[in-house]
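Here is a short note to read alongside the structure, for anyone meeting this chain for the first time. Take the points in order, with the viewer open.

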Amino acid sequence: MSKYVIAIDQGTTSSRAIIFDRSGTIVSVGQKEHEQIMPQAGWVEHDAAEIWQNVQEVIGIALGRADLTRHDIAAIGITNQRETAVVWNKKTGAPVYNAIVWQDTRTQDIVDRLAADGGTDRFKEIVGLPLATYFSGTKIAWILENVEGAREAADAGDLLFGTTDCWVLWNLTGGADGGVHATDVTNASRTLFMDLETLEWRDDILEVFGVPRSMLPEIRSSSEVYGHAEDSSLLRETPIAGILGDQQAATFGQAAFEAGESKNTYGTGCFLIFNTGEEIVHSKNGLLTTVGYKLGDAPTHYALEGSIAVTGSLIQWLRDQLGIIESAPQVEELSASVPDNGGVYIVPAFSGLFAPYWRPDARGAIVGLTRYANKGHIARAALEAVAFQTRDVLDAVNADAGVDLTELKVDGGMVANNALMQFQADVLGVPVVRPVVAETTALGAAYAAGLAVGFWNGLDDLSANWQEDRRWEPEMDEAERDRQLRNWRKAVTKSMDWVDDDVK
């Protein structure tokens, strides 16, 4: 009997394959970063062919490090960067353009054009999302409008669209030779095209965007057998049985299955999800309404989400663009070299401000600079920006939910930073709790796949696996917290109203 489940985690900066045992413990990991392509300001792209090549390699690395073969693997789960759009030719398997990443803002003109009739909330009651560059829909429209031959090929039925889960699934199941073109409800809910109630594509919205329905994948549940790995794969004949968008996967991996439970994931961006159960709740405070998960034929679970564009990528920016640090872990050491932020605040609105502000006109700002400020203050302000943005989102969640959260479960790469987690607790005024397995995104995808093939018997099995690793209690006094929050919110206002006819 197979003893393990493997999760493919196709993220914004890297692709990973992680093997888990029945207790939800990591057995081995394979990981490869892919190139971040930025042709001009506001444009962020990935080479989808490179991503697929890396996925194949990390599967081999993970299996090799654990000395396992396909016979040891019960199922494959997939999780992914959600809104990143890939458009490819179904006959050749070749992308017609680089994948346009969720952070990319080039489609603002398309957003403005669509919002001219009904505003940015034009489709929100149906799809749960405002019109924004963040989501896949405008990215597909841009490709069809700007890539030579794309419109004609799409109208002829030759092009397919998918978020990166769909791209990996299609290739893993045979690609141009019979690959399965499907996605799950969580990823479909991030396109601007899916009706939250019916879980089906809306032809009227597709017509407005100018996107042929023939391009779109079949919408399936988050936990079922979609197909099997092709013969050339190291995992050949293994069922692919779980798909969840990365933030929903992290929520599932945190065992936040019931209404009122939540988590915050610290990755390239930061994403707080609040489970609303089987009820669709429309936010009045700048949050997104999204699908949380759907297990086979069971009822759909929905969620409110606060999406923050730039958190971990801000630390990457300090490393790669400014050269202040040589590796991401150094930011904690550098920030500890100063007793406070020296009055410096960073608002990392590199892609505009996401939740709860939704201000595409905002751009990154460093405020409060004096000659006293040094790179330690910059590093500390960068870490604090992550926590401040999370506080803004949590306030919106509390307002929409009508009851305040009493603690926050956290996961993702940045939760290894103890100083950040302590400051997060201080700023929130509630405990912050880290699980033993912090890689909950991959774990959630593994869980969904394992449930579909009977590797785990039910949600109780998964809840029993969750264990607390560390808890941070608030230590900052209320007056100091309020002072810092006032300064942070003042800094946020300085980032707004920047993009205009002179600045794109």
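1. A good place to start is Glu237, which lies in the loop between β11 and β12. This is a predicted model, and in it the phi of Glu237 is near 75°, a positive value in a residue other than glycine. Most residues other than glycine have a negative phi. Is Glu237 buried or exposed? With a relative accessible area of 53%, Glu237 counts as exposed, because exposed means over 50%.

2. The two strands on either side of that loop belong to an open sheet of 6 strands, in the order β3-β2-β1-β5-β12-β11, with mixed pairing. Its edge strands are β3 (26–33) and β11 (223–228), each of which pairs on one side only. On average, neighbouring strands of this sheet are turned by 25° against each other, direction ignored. At the β3 end, strand β2 (residues 14–20) runs antiparallel to β3 and is joined to it by 7 bridges. If you want a pair to look up, Ala17 has Gly30 in β3 as its bridge partner.

3. Which helices lie across strands of this sheet? One of them is α1 (residues 48–66), which lies across β1 (4–10), β2, β3 and β5 (73–80) and runs at about 150° to β3. Another is α6 (residues 164–172), which lies across β1, β5, β11 and β12 (239–245) and runs at about 145° to β5.

4. Please look next at another open sheet, this one of 7 strands in the order β15-β16-β14-β13-β19-β20-β21, again with mixed pairing. Strands β15 (288–293) and β21 (468–472) stand at the edges with a single partner strand each, so one side of each has no neighbour in the sheet. Here neighbouring strands are turned by 30° against each other on average, direction ignored. Helix α9 (residues 246–253) packs on this sheet and touches β13, β14, β15, β16 (301–308) and β19; its direction makes about 125° with that of β13.

5. Strand β19 (residues 408–411) deserves a closer look. It pairs in the parallel sense with strand β13 (residues 262–266) over 2 bridges, and Thr265 stands opposite Asp411 in β19. β19 also pairs in the parallel sense with strand β20 (residues 432–435), over 2 bridges, where Leu408 stands opposite Val432. From β19 the chain crosses through helix α13 (residues 418–428) to β20, and this β-α-β crossover is right-handed.

6. Are the residues on the two faces of β19 buried or exposed? In a regular strand the side chains alternate between the two faces of the sheet. In β19, Leu408 and Val410 are on one side and Lys409 and Asp411 on the other, and all of these are buried. Lys409 has a further feature: its charged end sits over the ring of Trp466, 4.5 Å from the ring centre. A similar arrangement to visit is Arg106, whose charged end sits over the ring of Trp43, 3.8 Å from its centre.

7. How many aromatic pairs does the structure hold? There are 23 aromatic pairs. One of them joins Trp102 and Phe271: the ring centres are 5.8 Å apart and the planes at 70°, so the pair is edge-to-face. Trp102 lies in the loop between β7 (99–100) and α2 (108–115) and Phe271 in strand β14 (residues 270–277), so the pair ties together parts that are 169 residues apart in sequence. Trp102 counts as buried at 3% relative accessibility, and Phe271 is buried too, at 5%. In the pair of Tyr345 and Phe388, the centres are 5.9 Å apart and the planes at 35°, so that pair is tilted. It links Tyr345 in strand β17 (residues 345–347) with Phe388 in helix α12 (residues 375–401), 43 residues apart, and both residues are buried.

8. Finally, Trp102 and Phe271 form one aromatic cluster with Tyr134, Phe135, Phe354 and Trp358. Trp358 is found in the loop between β17 and β18, and its phi is near 55°, a positive value in a residue other than glycine. Pro356 is placed in the loop between β17 and β18 (365–367) as well. A cis peptide bond joins Ala355 and Pro356, with omega about -5°, whereas most peptide bonds are trans.

Terms used
Residues numbered from 1 in each chain as written. Predicted model: local features only at pLDDT ≥ 70, side-chain atom pairs only at ≥ 80, totals over all residues. Heavy atoms only, no water. Buried < 20%, exposed > 50% of the residue type's maximum accessible area, 1.4 Å probe, protein only. Helix = DSSP H or I, 4+ residues; strand = E, 2+ residues; numbered from the N terminus. Pairing = 2+ DSSP bridges. Right-handed = clockwise from strand over helix to strand, strands pointing away. Phe/Tyr/Trp six-rings, centres within 6.5 Å; stacked < 30°, edge-to-face > 60°. Lys NZ or Arg CZ within 6 Å of the ring centre and 35° of its normal. Axes fitted to C-alpha atoms, helices over the stretch in contact; angles between N-to-C directions. Contact = heavy atoms within 4.5 Å.
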